[in-house]
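Me: I am new to this structure and would like to understand the terms used for it. Please set each value against its rule before you conclude.

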Amino acid sequence: MNGLVRMEGIDKRFPGVHALKSVDFDLRAGEVHALMGENGAGKSTLMKCLSGVYQPDAGRILIDGQAVALPTPKAAQDLGIGIIHQELALMRDLTVAQNIWIGREPRLSFGRIDEARQNAEAAAILSRMNLGIDPRTPVSRLTIAHQQMVEIAKALSYRSRVLIMDEPTAALNDAEIAELFAIIARLRAEGVGIIYISHKMDEIRRISDRVTVMRDGAHVGTVAAAETPIARIIAMMVGRELTDEKAAIPDLSAAETALEVRDLSRGPELRGISFSLRRGEILGFAGLMGAGRTELARAIFGAEPADAGRILVHGREVSIRSPADAVREGIGYLSEDRKHYGLALGMDLRANIAMASLPRHADAIGRIDEQALGRIARDYIERLRIRTPGDWQEVRLLSGGNQQKVVIAKWLLRDCDILIFDEPTRGIDVGAKAEIYRLLGDLAAGGKAIIVISSELPEVLRLSHRIAVMCEGRLTGILPGGASQEAIMELATQREGAAA
Amino acid sequence: MSEATARPSGTADKGPARAGGAYQKLLAFAGLMVLVAGFSLASPSFLRTDNIISILQATSVNGVLAVGVTLIIITGGIDLSIGTLMTFCAVVAGVVLTWMGAPLPLGVLAAIATGALVGLVSGTLVARAKIPPFIATLGMMLVLKGLSLIVTGTKPIYFNDTEGYTAISQGSVVGRLIPQFPLPNGVLVLFAVAGAVAWILGRTVLGRYTFALGSNEEAVRLSGVDTGRWKMAIYALSGGIVGIAGLLISSRLNSAQPALGLGYELEAIAAVVIGGTSLSGGRGTVLGTVIGALIMSVLTNGLRVLSVAPEWQTVVTGVIIIAAVYADQLRRRGAA
Amino acid sequence: MSEATARPSGTADKGPARAGGAYQKLLAFAGLMVLVAGFSLASPSFLRTDNIISILQATSVNGVLAVGVTLIIITGGIDLSIGTLMTFCAVVAGVVLTWMGAPLPLGVLAAIATGALVGLVSGTLVARAKIPPFIATLGMMLVLKGLSLIVTGTKPIYFNDTEGYTAISQGSVVGRLIPQFPLPNGVLVLFAVAGAVAWILGRTVLGRYTFALGSNEEAVRLSGVDTGRWKMAIYALSGGIVGIAGLLISSRLNSAQPALGLGYELEAIAAVVIGGTSLSGGRGTVLGTVIGALIMSVLTNGLRVLSVAPEWQTVVTGVIIIAAVYADQLRRRGAA
Amino acid sequence: QDLYIPLISKGFQHQFWQAVKTGADKAGQEMGVRVSFDGPDNETQVDKQIDMLAAALANKPAAIGIAALDSQAVIPLLKKAQAEGIPVIAFDSGVESDIPLATASTDNKAAAALAADKLGEMIGGKGKVAVVAHNQTSLTGIDRRDGFLDQMKSRYPEVEVVAVEYGDGDHLKSTEITKAILAANADIKGIFGTNEGSAVGVLNGVREMGAKVVVVGFDSGKAQKDAIREGVMAGAITQNPVGIGYETVKAAVAASKGETLPKTIDTGFYWYDKTNIDDPAIAAVLYD
Ligand SMILES: Nc1ncnc2c1ncn2[C@@H]1O[C@H](COP(=O)(O)OP(=O)(O)OP(=O)(O)O)[C@@H](O)[C@H]1O
Ligand SMILES: Nc1ncnc2c1ncn2[C@@H]1O[C@H](COP(=O)(O)OP(=O)(O)OP(=O)(O)O)[C@@H](O)[C@H]1O
Ligand SMILES: [Mg+2]
Ligand SMILES: [Mg+2]
């Protein structure tokens, strides 16, 4: 094992933020080096310095012991450094194959692109990843999870010596994660150095050799993964011990029904879904990727109204044709895709947090009560531990996890009776995750009715009072909160015709 | 960790981005100031009071139009119909005042209401029928152009019978107080409109949604906001402002000229973009727009005062517009 | 869990949008066909061969311009200078051929090279100096407008001495083969340009980056592509095509008219947008643009053939443009 | 010190206005005064012209020449000029006011009537004709159109005017318009183009359709003159733009010296065709 990459004394400042404080980091060939830290600790920034996206203000980078300059992403690529960015950087109007090969298209004469070869090679990579995506599919038609897989495929196609993965599994579920880990194992065997960023603690144990922890832009320590207990790594990250106890499941049989869905259908994506949700209840939704959970949520919320079926809120049938209708009926929906559907990236935290509640904080002539909104925003910044120089910061300048917290704050402030949270903890660090679990528990205890859609089974199990499982657009069953993973998986793979 | 969280909330209101704000805003005048200085040196006539007043007055119509369309552009839209809508509103004022002999306030109201109504129609086409703003307002531009000619029978309508109509733009309230500086009312109207729109954009729900729609319309919709309704409101507001421009220009010309108007949209949009508002939406300021409009009229006036040949005027204008925006880019990159 | 992996991916995404493709493209003609059918019923003169040829010929200049600017619009940019650049290229051809007496191919080359060069300059302003395309090309539009007047001394340059110049647009190779259908060469040039650009967009690296830039420029940059260089190449290509339009119009008028050109950009951009290309970039087709240009000239010609009063022509054109795009929206929503 | 005389015209890009400028420059040179010439892009931009007038007045000129786009809209500024003692000369078309000391112009209506006379005569007093005008709202556009139409109606009642279209003086647009008119009326006998761009456009359209139509034009220019010599265009009316420019500056200089002037200076108009195009009197008023 020799030193592949060394970063020494890397320092980086943004207006109002000292993002990296003289950070050291090193990577050996053939190892998986996990990079951990709370949201906003500086992980992505450090990796952007290594991949030529940002220029550090101070410090130097050595590859094979040789100091190098990385003025552009291309320079880093040429040195064999590949990166999967945390924020998807895909061209949505292009196809999967076109995205994978962008910048390196196989060419024929006259600048023509060898589409056949491009598609074939893309198909080969995808099938090696066990993905059945047609390489000619436009990326805009893929789910977030599949887009993430395309990013991974693209990075793999570079055959880099150093591969940086910035939260590659945030949008994936277990099956894809297993696939990814198999790929990582293969690459490691081939001598590729991999930097792996994730907030999922169990993954760290499964694949990494060493762990480097960052806090507040500084390097806290580097430890061997096998010898260090998870609790210790968490303590290094957050600077304190975390306790996360699941509350006892309350008896809700007497509680009033808040939301009832009857035979909701839309095309092949949603087929006759019926369930009910009580006040005070957290109903988890499990299922494989593409099971239709997001579609269901969007249908209930009116983002893409259903073709057939009825929705009852507090026992009263309602007609929901648009999100505005849904919110009026007291239903809120947090999207799984914060960048496209959750945030106005160019606007500040305050405006984003207030987005769903503006009229409530304005007077008769529509004048916004900025002072109150400022107070509220700062309150959420504190409660959700959003790392930002202030509530005036543009959301696009926040780290990924902190952006997610802003979307959560938006819906907490709206104070809906019925909340649908789709992958609420995507990219959120352990500490804040525990905080959000507690918050959801409190909300339920306070009489809200909550649906949580999550691809992380442990999360569903941790949070839910009951667990609904979907497969191919159908609701295949509802299990009690204490159900086993096996029982859930069985329902999640219960195809039509196979089992009744 | 905890100190990191505590810090921002305390200092929250005046973060670094705001600190440099005033300074930066002053710098935004830089291009304008350089132009003014240059022309003053080149010609003694340029800085004469009456020329300054001419420049301001020449800015008033384009400025009001530009402020109106700023709203649309911030939502990520565009409005090509403002030039001919301005004319149409002037024609309606002419019909109401001269042909129907209604009292002045009614004519003023009619022009503004017409603008708002047409704006509402455009907004509906954009928000409900999902027609791209470029097409919806291009169609509207043609329709209005034709309507103005049809209504007037292609002849101008004069306001000779309406006492005080020319005072809307040409009279001078300021001049009665400070006789040395008879600033025309049209300029005051521009300032008033700009102030009002800046206030709306900065302080009200409508303004907040204007930015939000331009930033990420789908996210706003998924926040439970009836985006269509707000968009229609914004187009209607913008249309009403165009109605005011129609009053200004017809008061200035003492007539509603039915053929006028085409081409004004480009000039107004140019002022908006020179002023730093992005055509892709989500960001922009009214102050920038007003400065952009001033840059354009200072440029035109200065070159004329220097009696530059008209074909050279166009060339120089083109070069300076590019240069001004480039300088602004450099400044911003330096600041960021 | 492993058995689950292989299966769900198959159904997870809404596969490639190819299935209904051909059918959908046929339907895109629908608006055009309805117009043609309507006018044919209304006037027996409309479908006469010579009128059809007139319509096609009237499409040629605007069509070529529109195809050129389609490239720019797909990158998410805009080009306001195409109208005056067209004129400037014609003027350069005039200078080279008439004033300097060079042989025809040299004049053709000069016009296209001038277009490409000016395009390159605009592209550099956009890609390197980071000036918004609207401003860069607005400035360029003014500069070129002035330059054409200056170079020519505001007088047209005639091509009387250049044998075969008028044949570029007006001659008819087709007519020699099929005397009943003397399709002017200008129309063939449009088809050739459209075909070539469609090929470039669909098959080449340049085309790929055109879409990629409009789709997500930052992502392309992060993929290690020198986005600036490609953007400059695209603007240069588009400029060269505008040069061809310059040849067509001057061949048609047998003269380079220095004052002409302003306003042609809006018409070309309108054709592009009517043809379904989005002004926000990333998507668009050449076929759509050509159809858009045809819709516009069928509309203008048809209304004139019906002797609709000119002011009503504008109104009806506006309404039909909106209606055509609305119908297209409905169709797409139905298809999607 | 130089006398400075700015001329604010209705445009500057068209041949006509360039000819006016030529005349003005010539007078300026002869009389040793500095002349500038400015005008808006097109004849709808009434307010642009007013801004130009304001900028010109800011320079304290010795006298000023104005071809008003709207005869009323300029009056406030002309009053200001009068108050500041700057003499005003109107050219091309008059102003509804007694402020201009003199007006150098042609009677567009009468000129167009002459065109109607000629065209009516050439088609034998009956049949279909059309007008491709350059503008629907400008004074010259309206006068030339109406002068033609009125004369046709009264002199040749059997002539039917089947279309009046407007091509903005744009050569290409006028070409397309002509072709559409010809497509709709195969039996048309004559077309009148009301300025250089319109006339050349009509010519192009007729040529491209291979139609046999009597074309009558207005103004001058190389393409028109060539066409008339070749007999493709029957003839055209020309004004004397060089004379207009010359007389305007001459009157302005005189006015600045306090001399009295005749209220109107008629610069005349002429019919020219194959037969007289090379007459010295005609050649003197043609330009290109
Ligand atoms: N371009 C920028 N301008 C201003 N601040 C920035 C910028 N990029 C990052 N930051 C700030 O730098 C800090 C570190 O961000 P970074 O994205 O590296 O965090 P992270 O460790 O990756 O967090 P997460 O786990 O949420 O992804 C954050 O406070 C972030 O807001
Ligand atoms: N934005 C989209 N565009 C097109 N199709 C989509 C989109 N989002 C989801 N789908 C399709 O809808 C179906 C159901 O997907 P959905 O996202 O609801 O599944 P899910 O259970 O939420 O799984 P995931 O874990 O992927 O979010 C799939 O066929 C998917 O491809
Ligand atoms: Mg990160
Ligand atoms: Mg989902």
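The questions below go through two interfaces, two metal sites and two backbone angles.

Me: What kind of model is this, and how are residues and chains labelled?

Reply: This is a predicted model, in which local features need pLDDT of at least 70 and side-chain atom pairs count only at pLDDT 80 or more, while totals for chains, interfaces and linings use all residues. Residues are numbered from 1 along each chain as its sequence is written, chains are lettered from A and ligands numbered from 1 in the order in which they are written, and side-chain values use heavy atoms, with hydrogens and water left out.

Me: How do you know which residues of chain D and chain B are in contact?

Reply: Contact means heavy atoms within 4.5 Å, and by that rule 27 residues of chain D are in contact with 30 residues of chain B. The area buried between these two chains (the accessible area, with a 1.4 Å probe, that two parts lose on being put together, summed over both) is about 2,500 Å², and carbon and sulfur atoms give 48% of that area.

Me: What makes D:Lys80 and B:Asp50 a salt bridge?

Reply: The rule asks for a side-chain nitrogen of Lys or Arg within 4 Å of a carboxyl oxygen of Asp or Glu. In this pair the closest N and O atoms are 3.7 Å apart, so D:Lys80 and B:Asp50 meet the rule. The count between chain D and chain B is four salt bridges.

Me: Which elements of chain D give two or more residues to the side that touches chain B?

Reply: They are strand S2 (33–38), helix H2 (46–58) and helix H3 (75–83) of chain D, where helices (H or I, at least four residues) and strands (E, at least two) are DSSP runs numbered from the N terminus. The largest share, nine residues, comes from H2(D).

Me: How many salt bridges does the rule find between chain C and chain B?

Reply: Across that interface the rule finds zero salt bridges, although the contact takes 40 residues from chain C and 40 residues from chain B. The two chains bury about 3,200 Å² between them, with 87% of it on carbon and sulfur atoms. On the chain C side, C:Phe134, C:Ile135 and C:Ile322 lose the most area to chain B, together 17% of what that side buries.

Me: Why are A:Thr294 and A:Glu336 called donors of the magnesium ion (ligand 4)?

Reply: Donors are N, O and S atoms within 2.8 Å of the metal (3.2 Å for Na, K and Ca), and sites may look incomplete because water is not among the atoms. A:Thr294 (OG1) and A:Glu336 (OE) lie 1.9 to 2.6 Å from the ion, so they satisfy the limit for magnesium. A:Thr294 lies in helix H9 (residues 293–301) of chain A and A:Glu336 in the loop between strand S16 (331–334) and helix H11 (338–342), so the pair ties together parts that are 42 residues apart in sequence.

Me: Which residues are the protein donors of the magnesium ion (ligand 3)?

Reply: They are A:Ser44 (OG) and A:Gln86 (OE1), lying 1.9 to 2.1 Å from that ion. A:Ser44 lies in helix H1 (residues 43–50) of chain A and A:Gln86 in the loop between strand S6 (81–84) and helix H3 (96–100) of chain A, so this pair too ties together parts that are 42 residues apart in sequence.

Me: Why is A:Ser44 called buried?

Reply: Buried means under 20% relative accessible area, exposed means over 50%, and partly exposed lies in between (1.4 Å probe, protein chains only). A:Ser44 has a relative accessible area of 17% and is therefore buried, as is A:Gln86 with 13%. Seven of the eight residues of H1(A) are buried, so this helix is largely enclosed by the rest of the structure.

Me: What is notable about phi of A:Ser22 and of C:Lys130?

Reply: Phi of A:Ser22 is near 45 degrees, a positive value in a residue other than glycine, and phi of C:Lys130, also a residue other than glycine, is near 60 degrees. A:Ser22 is placed in strand S2 (residues 17–28) of chain A, whereas C:Lys130 lies in the loop between helix H7 (104–127) and H8 of chain C. A:Ser22 has a relative accessible area of 45% and therefore counts as partly exposed, and C:Lys130, at 46%, is partly exposed as well.
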